[in-house]
Amino acid sequence: MMAAARPADRTLARQTAIGVSLAAAIVVAWLSIHIVGIFFWHWSLGTVPIAIVAILVQTWLSTGLFIVAHDSMHGALAPRYPRLNRAIGTTCLALYACLSYAALLPRHHLHHESTGRAGDPDFHGGDPSLIGWFMQFFRTYYSHGQIVRITLVALIYTLLLGAPLGNIVLFWALPAVGAVAQLFVFGTWLPHRDRAEPFADSHRAHSIKIGPTLSLLTCFHFGGYHHEHHLSPGTPWWGLPARRRAAVGKFAGRQLARDRT
């Protein structure tokens, strides 16, 4: 008889099933808007409002592509399947903005090793203002190679596949830039900037005080639960609210036990 699966194995299997399913849903939704918007969109007064909604949704989905890749960098997407984990992360970054997974992986782990200190590629580098910090962030994660890759894809779309350049800008470039803003403001600047409330520990990360729904809509929980992410990098984005609830419940249990003694 086959031995029963251990609880840890069942937990990792569930994490993989949920993570890969959500990643597939994000990729399929993103590709649907990308393909229809760039190659098949018919402009009229009636379709302009729909296009605006589609671009906003695509911006959020583009943020989601990066967050899925981010989970891959921590091995949290498919913990027992490293090749699948890396393949999905690589694909998501390529779709999002022709980013290199191999280049971003070591930089992100440096961020966790030296958060908010010298050596952290996400730190402001001396100018903590919103614009100054954003420019440092942009220079860190965008390269000439990426611009070349984006240009090549755009040329293929326009010259070989006949896509209007305006559609490429509106349904790919604009959502990608909007996602950069989301990722920076809610995933870097707000959680890691100095404020009146001191950092809780050496992770130098705040969790933004917003509800779960707004946390999901702004940055797939990497704003509202950023400190939880630094405490447990192996927890996937969709598991961060449960991670906080478990921590709060454990703290309440310890407090109750102390009150009884």
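1. This note concerns a predicted model, and it starts with the largest pocket. Four helices, α3 (82–97), α5 (130–141), α6 and α7, each supply at least two residues of the lining of that pocket. The greatest share comes from α7, which gives eight residues. The lining has 17 residues in total, and those nearest the centre of the pocket are A97, I150, A173, A176 and V177.

2. The volume of the largest pocket is about 290 Å³. By class, its lining holds 16 nonpolar residues and one polar residue, with no charged residues. For anyone setting up a calculation on this pocket, the lining is thus described by helix, by residue class and by the residues nearest the centre.

3. Closed spaces come next. The structure holds three cavities of 30 Å³ or more. The largest cavity has a volume of about 200 Å³. It is lined by 19 residues, and F66, H70, H108, D122 and T188 are the closest to its centre.

4. Helices α2 (48–73), α4 (101–113), α5, α7 and α9 (226–231) each contribute at least two residues to the lining of the largest cavity. The class count for this lining is nine nonpolar, nine polar and one charged. In the lining of the largest pocket, by contrast, there are 16 nonpolar residues, one polar and no charged.

5. The second largest cavity contains about 60 Å³ of space. Its lining consists of F66, Y96, L99, F137, Y141, Y142, V180 and L183. By class these are eight nonpolar residues, with no polar and no charged ones. Both α5 and α7 supply at least two residues each to this lining. F66 is listed here, and F66 is also among the residues closest to the centre of the largest cavity.

6. On the surface, a nonpolar patch is formed by V148, L152, L155, I156, L159, L160 and L161. Together these residues have about 720 Å² of accessible area. L161 is placed in the loop between α6 (144–160) and α7 (165–192). Helix α6 also supplies at least two residues to the lining of the largest pocket.

7. As for the overall fold, the protein chain has 10 helices and zero strands. Read from the N terminus, the order of elements is α-α-α-α-α-α-α-α-α-α.

8. Overall dimensions close the note. Taken along the principal axes, the C-alpha atoms of the protein chain fill a box of roughly 75 × 60 × 40 Å. The radius of gyration of the chain is 20 Å, which agrees with a compact globule, because a globule of 261 residues would have a value near 18 Å.

Terms used. Residues are numbered from 1 along each chain as its sequence is written. This is a predicted model: local features need pLDDT of at least 70, side-chain atom pairs count only at pLDDT 80 or more; totals for chains, interfaces and linings use all residues. Side-chain values use heavy atoms; hydrogens and water are left out. Patches are made of residues with over 30% relative accessible area and no salt bridge: like charges are joined within 9 Å, nonpolar side chains (Val, Leu, Ile, Met, Phe, Trp, Tyr) within 5 Å. Accessible areas come from the Shrake-Rupley method with a 1.4 Å probe; for residues, only the protein chains shown count as cover. A salt bridge is a side-chain nitrogen of Lys or Arg within 4 Å of a carboxyl oxygen of Asp or Glu. On a 1 Å grid over the protein atoms alone, a cavity is a set of points where a 1.4 Å probe fits but cannot get out, and a pocket is an open set with protein on both sides within 12 Å along at least five of seven lines; lining residues have an atom within 4 Å of a point. Grid points are joined across faces, edges and corners, and a volume is the space filled by probe spheres set on the points. Ala, Val, Leu, Ile, Met, Phe, Trp, Tyr, Cys and Pro count as nonpolar, Asp, Glu, Lys and Arg as charged, and the others, Gly among them, as polar. The radius of gyration is taken over C-alpha atoms; the globule rule is 2.2 Å times the number of residues to the power 0.38.
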